[in-house]
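Me: Hi! I have a new structure open and would like to talk it through. Can you help me find my way around?

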Protein chains: 2
Amino acid sequence: MSLPGPSPAVTRAWVYLIKAQRRALRLVEADIKAAGFPPLAWYDVLLELKHAGGTLRPQELEARLLLAQHNVSRLVDRLAEAELVQRRPYEGDGRGQIIAITEGGLNLQRRMWPVYGAAIQKYVGARLGTDATAEALCTLLEPIVADG
Amino acid sequence: MSLPGPSPAVTRAWVYLIKAQRRALRLVEADIKAAGFPPLAWYDVLLELKHAGGTLRPQELEARLLLAQHNVSRLVDRLAEAELVQRRPYEGDGRGQIIAITEGGLNLQRRMWPVYGAAIQKYVGARLGTDATAEALCTLLEPIVADG
DNA sequence: TCCATTTATATGCAACTGCATTGATATAGA
DNA sequence: TCTATATCAATGCAGTTGCATATAAATGGA
């Protein structure tokens, strides 16, 4: 026997998902870079830390950003090198650590948002049209994002 | 003045678009790799060539796959190295070339599809539920994929 | 015809990613 | 307590990507 393949509609949805993300991400990254800022991944880390109250453990970053473990490790290396975050020991588990955002990190996050937000609006918001459409997209994508 | 930022709904749609694609692509790639096949990008090239009747110029691949020029150049290097495609001179423009799929390339494409299709169905189709949902997603993503 | 400009593709280098493995600590069971 | 196993994070290495630039051919005037 062979497993059932996807319908043409599903296949098309897959292709569009890949292409829409690739295209939008590339355009947004280009705007960010043109403004002289570091990669989007840096912003993502800073924002997660800020939302979490300033600190997170590497594995929490991993889960929230959907990144691989070794990837988080080296991303944090680069942010720490730029003094945007600090690594601190995690009391109570000698293997663990705490990643803490610095003043410089908070500051960079704040400065990046206007450029980042404008790009999202330009390449995604304006193309979706209305908030209702944006919400409909969220609803459709939610089960793909969710675990399981 | 400052440019208008995205609404919360648009911002959420952006985040979901990134995460849904990242998650689905990672899961699909893992299945393909577990079955002993080369990266998805190879399949994409082979399929485009097949659909185009066997040959395409590098810039056509670039447009269809939404890849950067230098990326296509090196992707073709690897496929040619594996004898899945051939580079041929393009008569009429000495700068150009023709990428032609080989028998081996066609064969690999055929062998990969069952695994690839099953993964798409598992990680995207099943989560979307119905074809109507898949089509709705296509409709929403279309303006993001489109040029302009 | 000659030169400047544009177009098609390739390449050197640095940054990033995946993969496998390692090092170190923690936990559970004999 | 001792050992096996599991968990948290880092690292060596190869493959891939981005960025800038190079090379080569084509095109459009002067």
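Me: Let's start with the DNA. Which residues are the closest to DNA strand D, and how many surround it?
Reply: Happy to help, and keep in mind that this is a predicted model. DNA strand D is surrounded by 23 residues. The closest are A:Q59, A:H70, A:S73, A:G96 and B:G94.

Me: Which elements supply at least two residues each to that surface?
Reply: From chain A, they are helix 3 (58-65) and helix 4. Helix 4 of chain B does so too.

Me: And what classes of residue are near DNA strand D?
Reply: That surface divides into six nonpolar, nine polar and eight charged residues.

Me: Now the other strand. Which residues are closest to DNA strand C?
Reply: They are A:G94, B:Q59, B:H70, B:S73 and B:G96, out of 23 residues that surround DNA strand C. The elements giving two or more residues there are helix 4 (69-81) of chain A, plus helix 3 (58-65) and helix 4 (69-81) of chain B. By class, the surface near DNA strand C has six nonpolar, nine polar and eight charged residues.

Me: How are the two copies related?
Reply: Chain B superposes on chain A after a rotation of 180 degrees, with 0.0 Å of shift along the axis and an RMSD of 0.0 Å. The two copies are thus related as by a two-fold rotation axis.

Me: How many residues does each chain bring to the contact between them?
Reply: Chain A gives 45 residues and chain B gives 45 residues. On the chain B side, helix 1 (8-34), helix 5 (103-128) and helix 6 (131-145) each supply at least two residues. Helix 1 of chain B has the largest share, with 16 residues. The side of chain B that touches chain A holds 28 nonpolar, nine polar and eight charged residues.

Me: Why can we say that the copies meet through the same surface?
Reply: Because 100% of the interface residues of chain B are also interface residues in chain A.

Me: Can we zoom in on one residue? Where is A:A134 found?
Reply: A:A134 is in helix 6 (residues 131-145) of chain A.

Me: Buried or exposed, and why?
Reply: A:A134 counts as buried, because it has 24 C-beta neighbours inside 10 Å, and the cut-off for buried is 20 or more.

Me: What does A:A134 touch, leaving aside neighbours within four places in sequence?
Reply: A:A134 is in contact with A:L128 in its own chain, and with B:A9, B:V10 and B:A13 from chain B.

Me: Switching topic: what is chain A built from?
Reply: Chain A has six helices and three strands. Read along the sequence, the pattern is α-α-β-α-α-β-β-α-α. Buried residues make up 28% of its 148 residues.

Me: How do the strands of chain B line up?
Reply: Three strands form an open sheet in the order 1-3-2, with antiparallel pairing. The edge strands are strand 1 (55-56) and strand 2 (85-89), each pairing on one side only. Five bridges join strand 2 to strand 3 (residues 97-101) of chain B. In one spot, B:P89 stands opposite B:Q97 of strand 3.

Me: Last one: which helices lie across those strands in chain B?
Reply: Helix 2 (residues 40-51) lies across strand 1, strand 2 and strand 3 of chain B, at about 100 degrees to strand 3. Helix 4 of chain B lies across strand 2 and strand 3, running at about 115 degrees to strand 2.

Notes. Residues are numbered from 1 along each chain as its sequence is written. Chains are lettered from A and ligands numbered from 1 in the order in which they are written. This is a predicted model: local features need pLDDT of at least 70, side-chain atom pairs count only at pLDDT 80 or more; totals for chains, interfaces and linings use all residues. A residue is near a molecule or strand if its C-beta atom, placed from the backbone, lies within 6 Å of it. Helices (H or I, at least four residues) and strands (E, at least two) are DSSP runs, numbered from the N terminus. Ala, Val, Leu, Ile, Met, Phe, Trp, Tyr, Cys and Pro count as nonpolar, Asp, Glu, Lys and Arg as charged, and the others, Gly among them, as polar. Two strands pair if DSSP finds at least two bridges between them. Two residues are in contact if their C-beta atoms, placed from the backbone, lie within 7 Å. Axes are lines fitted to C-alpha atoms, for helices over the stretch in contact, and angles run from 0 to 180 degrees between N-to-C directions. Copies are superposed by least squares on the C-alpha atoms of residues with pLDDT of at least 70 in both. A residue is buried if 20 or more other C-beta atoms lie within 10 Å of its own, exposed if 12 or fewer, and partly exposed in between; C-beta atoms are placed from the backbone.
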